[in-house]
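Colleague: Please take a close look at one helix-to-helix contact in this model. A formal, connected account for a first-year student would be most welcome.

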Amino acid sequence: MHPPHSAAPANDPQSDSDSLFDAPPIAEQERMVEAVLFASATPVTLRDLEGRMPHGCNPATALEHLRKRYEGRGVRVVQVGEAWAIRTAPDLGFLMQKEIVETRKLSRAAIETLAIIAYHQPVTRAEIEEIRGVSVSRGTVDQLLEMEWIRIGRRRMTPGRPVTFVVTPVFLDHFGLESARDLPGLKELRAAGLLENRPPPGSLQLGQGGEDDEEIGDQPELFGE
């Protein structure tokens, strides 16, 4: 008779390796992702989640499970650019209105500059000025950079190597957008008062007849902060 097979000894290296790298159950991974997103003040990338979670975890799968579990709830798991965050359901935003404090208004120049960057990114200062028809002051660009709604992109491979500007995840998060492709169309912009029934950027000089830093009296809610 052959002797019965015995279990692997406790000091078997292969056995230790298997137990050491066993990933937690997917339900536990969901809880980990939920905890990180809930505690983070800014959207979290998959790479950041992978760095925080135990070896062998699959944050992408855990995120998808978590997103489905939050469907129809008061908060949602949403994608912001290449990152993820927990945000209030859009239809419940009215409950938070009393908590919103308006700290400043953007100038007409800042709104037009921001809109041009959002719809034409990556775009250089010279291209912004060509579309608007007037020069763009350094203060206007600095304000948008300070708000972290735009950032400096790659330099153009043209004479002078001018820098380009693009919108940031902070901009997308502020307006509840997953990507710049989700920006509203012309009808929505005019309904919000942003275009004031004018042609879209590029088809006419947006800055005709106005000073670069002219303040807007009735600022559209879309760009109010």
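Modeller: Two helices are called roughly perpendicular when the angle between them is 65 to 115 degrees, whereas angles under 35 degrees count as roughly parallel, over 145 as roughly antiparallel and the rest as oblique. The structure is a predicted model, in which local features need pLDDT of at least 70 and side-chain atom pairs need pLDDT 80 or more, while totals for chains, interfaces and linings use all residues. Residues are numbered from 1 along each chain, and side-chain values use heavy atoms, without hydrogens or water.

The protein has 225 residues, and 32% of them count as buried (under 20% relative accessible area with a 1.4 Å probe, protein chains only; exposed is over 50%, partly exposed in between). It contains 9 helices and 6 strands (DSSP runs of at least four residues, H or I, and of at least two, E, numbered from the N terminus). If one takes the contacts (heavy atoms within 4.5 Å) between residues with a separation of 6 or more, 60% of them join residues 24 or more positions apart.

The part chosen is the place where helix 2 meets helix 4. Helix 2 covers residues 26–39, and helix 4 covers residues 59–69. Their axes lie 9 Å apart, and the packing angle is about 80° (axes are lines fitted to C-alpha atoms over the stretch in contact; angles run from 0 to 180 degrees between N-to-C directions). Helix 2 and helix 4 are therefore roughly perpendicular to each other. From helix 2, the contact draws on Ile26, Gln29, Glu30, Val33, Glu34 and Leu37. The partners on helix 4 are Pro59, Thr61, Ala62, Leu63, His65, Leu66 and Arg69. Sorted by class, this contact of helix 2 with helix 4 holds 7 nonpolar residues, 3 polar and 3 charged (Ala, Val, Leu, Ile, Met, Phe, Trp, Tyr, Cys and Pro are nonpolar; Asp, Glu, Lys and Arg charged; the others, Gly among them, polar).

Gln29 deserves attention within this contact. Gln29 counts as buried because its relative accessibility is 5%. Leaving aside residues up to four places away in sequence, Gln29 touches Ala23, Pro24, Met53, Cys57, Asn58, Pro59 and Ala62. Of these, Pro59 and Ala62 are also named among the residues through which helix 4 meets helix 2.

A second pair of helices may be set beside the first. Helix 5 (residues 108–120) packs on helix 7 (residues 138–146) at an angle of about 65°, and their axes are 9 Å apart. That angle makes helix 5 roughly perpendicular to helix 7. Helix 5 contributes Ala109, Ala110, Thr113 and Leu114 to the contact, and helix 7 contributes Thr140, Gln143 and Leu144. In this contact of helix 5 with helix 7 there are 4 nonpolar and 3 polar residues, and no charged ones.

The loops that follow helix 5 and helix 7 also hold backbone details. Pro122 sits in the loop between helix 5 and strand 4 (123–124), and the peptide bond from Gln121 to Pro122 is cis, with omega near -5°. Glu148 is placed in the loop between helix 7 and strand 5 (150–155). Although Glu148 is not a glycine, its phi is positive, at about 65°. Because its relative accessibility is 47%, Glu148 counts as partly exposed.
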